[in-house]
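This report concerns the enclosed spaces inside the structure shown below and the residues that border them.

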There are 2 protein chains.
Amino acid sequence: MAKDKKLVEQITSMEDDFAQWYTDVVKKAELCDYAGVKGFMAIKPYGYAIWENIKNELDRRFKETGVQNVYMPLLIPESLLDKEKEHVEGFAPEVAWVTMGGNEKLPERLCVRPTSETVFCDFYKNDVTSYRDLPRVYNQWCSVVRWEKETRPFLRTREFLWQEGHTIHATAEEAKERTEQMLNVYADFCEQILAIPVVRGQKTEKEKFAGAVATYTIEALMHDGKALQSGTSHNFGDGFAKAYGVQFTDKDNKLKYVHQTSWGFTTRIIGAVIMVHGDDSGLVLPPRIAPIQADIIPIQQNKEGVLDKANEIFDTLKKAGVSVKVDDTDKTPGYKFAEQEMRGIPVRIEIGPKDIANNQCVVCRRDTREKYTVALDEIATRIPEILEEIQKDMYDRALAHRESHTYTATNYEEFVKTINEKPGFIKAMWCGDRACEDKIKEDTGATARCMPFAQENLSDVCVCCGKPAKKMVYWGRAY
Amino acid sequence: MAKDKKLVEQITSMEDDFAQWYTDVVKKAELCDYAGVKGFMAIKPYGYAIWENIKNELDRRFKETGVQNVYMPLLIPESLLDKEKEHVEGFAPEVAWVTMGGNEKLPERLCVRPTSETVFCDFYKNDVTSYRDLPRVYNQWCSVVRWEKETRPFLRTREFLWQEGHTIHATAEEAKERTEQMLNVYADFCEQILAIPVVRGQKTEKEKFAGAVATYTIEALMHDGKALQSGTSHNFGDGFAKAYGVQFTDKDNKLKYVHQTSWGFTTRIIGAVIMVHGDDSGLVLPPRIAPIQADIIPIQQNKEGVLDKANEIFDTLKKAGVSVKVDDTDKTPGYKFAEQEMRGIPVRIEIGPKDIANNQCVVCRRDTREKYTVALDEIATRIPEILEEIQKDMYDRALAHRESHTYTATNYEEFVKTINEKPGFIKAMWCGDRACEDKIKEDTGATARCMPFAQENLSDVCVCCGKPAKKMVYWGRAY
């Protein structure tokens, strides 16, 4: 059965123009549209269903660690935002300001939250008095607004959906542990559910979050060799607590400042799923996050018994816990195949009169296009098995891609040459000075993605200045 | 075991001051706090857990009717809001305006969505071309902002959480059916899950939504005899479609305007749960919405075996599908009882050394305070049974309360006397003229809550003007 080319021909090849390919996939797979407001997204049902799956699974994992969901105000008074100096300097230039309520000018302008550390600090003040009240481990699912200059669907938009976790603790040690714990929740989620391998590490001073003592990050590598920051977790120490006066009476009866963390994961991860797994036929979704895992496409569906059999397979698979649909529209099978591929549905099940006569169906994997003939009596066990194989293979391929696109450089010439000729991560030693980071950025466009927790000693000197090295860094050009 | 009075004494009695009682319950049950921004809520973990339960169950019911979730932009350009005249007149006076993005004045001001009909219309334009694309049945879970003058937690706040459903259809008939269908989803949910009986009906022209052809509503009666609008569903006909140019090519190849609906359900319903079921000891939650259904309180918990047995009961109930916790803090049992009552946890399970010796526990219902002795071997079946009894009894009591507080009036003197002396609903006939509605509001503060679908003929003439009656109306003072 030949694929209908109409859908496929309309998307640009990845090799020709990766950016245009990305935009085409977002549009043709019906994930989102630009909205009437510049830089804002209208997330369509299919895109939102992916986000719902991400959200439900992450939320479940959060709650296992004791997280409680809350909801804090959307608008933040300027005076509240202003209290932590580094934080306001980081965010003030990119917030949207509400200045009118109804027909009246507000006495103080309010910003639409770009992130809610300040709001939570304000809340903690009345929420906590004693060590018995600690820790507080809160989270909220919401949207935030940041007035970005250039935008791209999912990757950088003026509004995006996310969760922001906010916690306070009695000790610095406990806050550090929570920061690490949540980074590992993100990393495990990306690897186990999204089939995206990530590098876990710490941001440099230059790249860390405004107001944080330490920012941890997970960094993923896209198909085009560019990096994408995929989740961050921040340890604030007691800096915010001091600025906002968040104190508690400890066991020793002394008044102390709380230690604070925050951590966030956003809709931009959908961009990572597209750019790690997609191909020239469109989206390729890992089965564990796919809104529909199996697309049953009847062949010669008007022949007696074909639709009945398709619906029977539907029932069997649904009972087996597979998320499944039957495409019984009046489109041609070829068109349906192209649609299923564009939307990245992990398996397609073809069933026609000949298959029925042989008590079998044809199962086609979206990721590899391998085809299997499966006896109808075995689909309830085989389809889940195939989905698990796809999940595992997708991760393995993404890991192999990252490994084959991770380079090392021990001198600056090699570093520059590699970054210009071989898109990917470069591992290289660094002295710890901001000046070297700035020079690398200026010369190559690459930034320090992270200082990985898994350090290696590639050389004793900084790849840029030759001074003694302090850390191995993953460098790369990034989204 | 005497209850610790500390918690209880701090709340005002309902009879003394219902409004203060309400505020006390919101605060002491830790549902929400006023935030640093005037009129905004900080919804705390316990309040948010109730909303999550509401959301999950409603979302499941929506999806059964074919609803797809999406996410549309938070900010709406003024020019977009302006296109539908009645709608903008209804909402413009109460929106928050964003006028600055970062340090720059915006070329056009943007309002924070008070509701999203206009945004969906803008989206539909590119989303729909043919009758094959219809219906579209969308929904989003988000927050909205309305610049209210006076606010009360959950009942009226400048920001609240809600879902807003938005649908478009090929025919007027289909839009009308969807409007009714969603009202029934709300009504069934309130009655089956929240144990709140509701009157289903249509709003008068005066009370309907800005821009709608017809607004349907469910109206509930609070303990103090005031009404609360608990969910609304709007039929817009093709008015918005004409204002925004949302057209499709029908089967007959003609270009037609779509027919549109929207429907919303908000966090204000938590206020209804408080005010329908609560008592002078605090919140009383219907089991089907309670974040914790059973609170196990060990008596003499330091005696050997007590905590072990409490944890055993916990495991047994958890396996039986009951949402349960053990309160093993170092507070006194009396204090724990008072806390459990304040938070409205449907059953308390007391287990001490004597109970263990007799292989039993004491189960106390939050709603009636009835106590049962239950054999430990039977808790896995008895607790779920008791929870179901509570759910049913709570509904029956709320219904009985509404029925005993629903009056009829056939002349104006009787109407005014009743509303002043007997808080509740008044059923009375109405001529259909706005003048009579205005007069009733001015004289008594009561508004037309709805024209119920279940009409009765109480008299042939309007209760206000004596002209021929067109409709029976539920009147009442409302939140």
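In this predicted model, the second largest cavity is lined by Tyr71(A) together with Phe40(B), Met41(B), Ile43(B), Glu159(B), Phe160(B) and Leu161(B). Its volume is about 40 Å³, and two elements of chain B, β2 (41-43) and β8, each contribute at least two residues to its lining. Of these, β8(B) provides the largest share of the lining of the second largest cavity, namely three residues.

The count of cavities of 30 Å³ or more comes to three, and the largest cavity has a volume of about 290 Å³. The lining of the largest cavity is made up of 22 residues, of which Trp141(A), Cys142(A), Ser143(A), Trp141(B) and Cys142(B) are the closest to its centre. Both chains take part through elements that give two or more residues to the lining of the largest cavity: in chain A these are α3 (45-64), β7 (136-145) and β8 (159-169), and in chain B they are likewise α3 (45-64), β7 (136-145) and β8 (159-169).

The make-up of the two linings is set out by residue class in the table.

| Cavity | Nonpolar | Polar | Charged |
|---|---|---|---|
| Largest cavity | 16 residues | two residues | four residues |
| Second largest cavity | six residues | no residues | one residue |

Which residues line the second largest cavity besides those of chain B? Chain A is represented there by Tyr71(A), whereas the lining of the largest cavity draws on α3, β7 and β8 of chain A as well as on α3, β7 and β8 of chain B.

Technical notes
Residues are numbered from 1 along each chain as its sequence is written. Chains are lettered from A and ligands numbered from 1 in the order in which they are written. This is a predicted model: local features need pLDDT of at least 70, side-chain atom pairs count only at pLDDT 80 or more; totals for chains, interfaces and linings use all residues. Side-chain values use heavy atoms; hydrogens and water are left out. On a 1 Å grid over the protein atoms alone, a cavity is a set of points where a 1.4 Å probe fits but cannot get out, and a pocket is an open set with protein on both sides within 12 Å along at least five of seven lines; lining residues have an atom within 4 Å of a point. Grid points are joined across faces, edges and corners, and a volume is the space filled by probe spheres set on the points. Helices (H or I, at least four residues) and strands (E, at least two) are DSSP runs, numbered from the N terminus. Ala, Val, Leu, Ile, Met, Phe, Trp, Tyr, Cys and Pro count as nonpolar, Asp, Glu, Lys and Arg as charged, and the others, Gly among them, as polar.
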